[in-house]
Amino acid sequence: MPQINRRRSIPVNIGGVLTGFGHPVVVQSMTNTDTADIDSTVQQVAALARAGSELVRITVNNDDAAKAVPYIVEQLAAKGWTTPLIGDFHYNGHQLLARYPDCAQSLAKYRINPGNCSIGRKDDDNFRTMVEVAVKHQKPVRIGVNWGSLDQALLTKMMDENSRLSQPLEARDVMMEAMVVSALDNAAAAERYGLRRDQIILSAKVSGVRDLIDVYTELASRCDYTLHLGLTEAGMGMKGVVASTAGLSPLLLAGIGDTIRVSLTPTPGGDRSEEVRCGQQILQSLNIRSFMPQVTSCPGCGRTTSTYFQELAERIQSYLVESMPEWKKQYPGVEELKLAVMGCIVNGPGESKHANIGISLPGTFEEPKAPVYIDGKLAMTLKGDRIVEEFQVILDEYVQKRYGHILVEV
């Protein structure tokens, strides 16, 4: 797999998960349950972890939420989940962290928004309190600047200074610079208050794709802190997926970013884990990490009036999702597997030869047979009405033969 030449960033250990230089880009997610509802939060954290989230952030916004945190960690551990939990603090984090030491100790990391921790104050005592609690408990901190809650005093000062220039910058550029300055100034303050550089993660969240690329490119050029990437609000459905992919990909390919989150708006009652799978797919599509066997399938055309190849691709994709929890335990490396399900003779055989296992189904007016290629060579031809079941058997046998011996050798 091609390796990205990543910029130098300081390694950070978050509850046993290493981020930063020399370590894989980590996928993070966040719950949308009421943290005080312990059972619901435990269930959702477990679901996110099961989907592959390596870090999970939870809201800690009041006394009940803070009190619940140790019990959430305890119940997750009892179920076999040790996924690090990040506490998300705004406005009253300095009070909650100081008031509930068990909460402060149970969390693997704190997320502090500097724009929301000292509103209306002329000092940074609230920020300092949270940092000092992190130092006491030896917890890393993400200093998360967000353009929706940017330090207004800083922004006003920089806007005023800009207006006095002979050639003022556009307001948008001043805001981007203010976000970078806020992140770097608060990181420097955190170090003054005792936090080590290898305990600091920075983020500069915006909701526009071009803004995301610009602000992180500038931030990365001016520091070597570990960086967390993501749109602050990606949106719903296709818009959210496309915007996240468009924004994260140029940065990741430039070697910028150590953890990512895809902040999708779920449909009412929808699956929160979708954001995890989207983040994984972005990394896998860029050849940065592998999480799941990939299925290449054609879009169809006038040569493929039958929907049979679409049904096969869908069934194989579902089968992979169902199988992966066990396959990951039994067959190390199976996430690198590549499959092809093609609909006609035009690109079918050629694309199938590029996959570990490929099948070229007959298009309209083609001979009713489906050649199967294994590691680039024609292995057999399937016919009849049990092609799906037979192809699934071929897949199972290949996985056992190709990846099963790895477990024995280990």
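The legends below describe close-up views of a predicted model.

**View 1. The largest pocket and the residues that line it.** The largest pocket of the predicted model has a volume of about 1000 Å³. Its lining is made up of 32 residues, and those closest to the centre of the pocket are A51, G52, R277, Q280 and M292. Five elements are named here as giving two or more residues to this lining, namely α1 (38-51), α10 (237-253), α11 (274-285), β13 (294-297) and α12 (308-330). The largest share comes from α11, which contributes 8 residues to the lining of the largest pocket. Sorted by class, the lining of the largest pocket holds 13 nonpolar, 11 polar and 8 charged residues.

**View 2. The second largest pocket and its lining.** The second largest pocket has a volume of about 540 Å³, and of the 23 residues that line it, P114, S118, D151, A153 and L154 are the closest to its centre. At least two residues of this lining come from each of α5 (114-117), α7 (152-163) and α8 (171-192), with the largest share, 5 residues, supplied by α8. The lining of the second largest pocket divides by class into 8 nonpolar, 7 polar and 8 charged residues.

**View 3. Strand β3 and its surroundings.** Strand β3 covers residues 26-30, and because 5 of its 5 residues are buried, the strand is largely enclosed by the rest of the structure. Both of its faces are covered, with V26, Q28 and M30 buried on one side and V27 and S29 buried on the other.

**View 4. The strands that pair with β3.** Strand β3 pairs in the parallel sense with strand β11 (residues 259-260), the two being joined over 2 bridges, and here V27 stands opposite I260 of β11. Strand β3 also runs parallel to strand β4 (residues 55-59), to which 3 bridges join it, and in this pairing M30 is found opposite R57 of β4. Together with α1, the strands β3 and β4 make a right-handed β-α-β unit. Helix α1 is also among the elements that give two or more residues to the lining of the largest pocket shown in View 1.

**View 5. The aromatic pair of F89 and Y110.** The count of aromatic pairs in the model comes to 2. In one of them, F89 and Y110 are arranged edge-to-face, with 5.9 Å from centre to centre and 85° between the planes of the rings. This pair links distant parts of the chain, since F89 lies in strand β5 (residues 85-89) and Y110 in strand β6 (residues 109-112), and the two residues are 21 residues apart. Both F89 and Y110 are buried.

**View 6. The aromatic pair of Y319 and W327.** The ring centres of Y319 and W327 are 6.0 Å apart and the ring planes stand at 85°, so this pair is edge-to-face, given that planes over 60 degrees apart are assigned to that class. Y319 has a relative accessibility of 17% and therefore counts as buried, the limit for a buried residue being under 20%. W327, at 8% relative accessibility, counts as buried as well.

Definitions and conventions: Residues are numbered from 1 along each chain as its sequence is written. This is a predicted model: local features need pLDDT of at least 70, side-chain atom pairs count only at pLDDT 80 or more; totals for chains, interfaces and linings use all residues. Side-chain values use heavy atoms; hydrogens and water are left out. On a 1 Å grid over the protein atoms alone, a cavity is a set of points where a 1.4 Å probe fits but cannot get out, and a pocket is an open set with protein on both sides within 12 Å along at least five of seven lines; lining residues have an atom within 4 Å of a point. Grid points are joined across faces, edges and corners, and a volume is the space filled by probe spheres set on the points. Helices (H or I, at least four residues) and strands (E, at least two) are DSSP runs, numbered from the N terminus. Ala, Val, Leu, Ile, Met, Phe, Trp, Tyr, Cys and Pro count as nonpolar, Asp, Glu, Lys and Arg as charged, and the others, Gly among them, as polar. Buried means under 20% relative accessible area, exposed over 50%, partly exposed in between (1.4 Å probe, protein chains only). Two strands pair if DSSP finds at least two bridges between them. A crossover is right-handed if, with the strands pointing away from the viewer, the path from the first strand over the helix to the second runs clockwise. Rings of Phe, Tyr and Trp (its six-membered ring) pair if their centres lie within 6.5 Å; planes under 30 degrees apart count as stacked, over 60 as edge-to-face and the rest as tilted.
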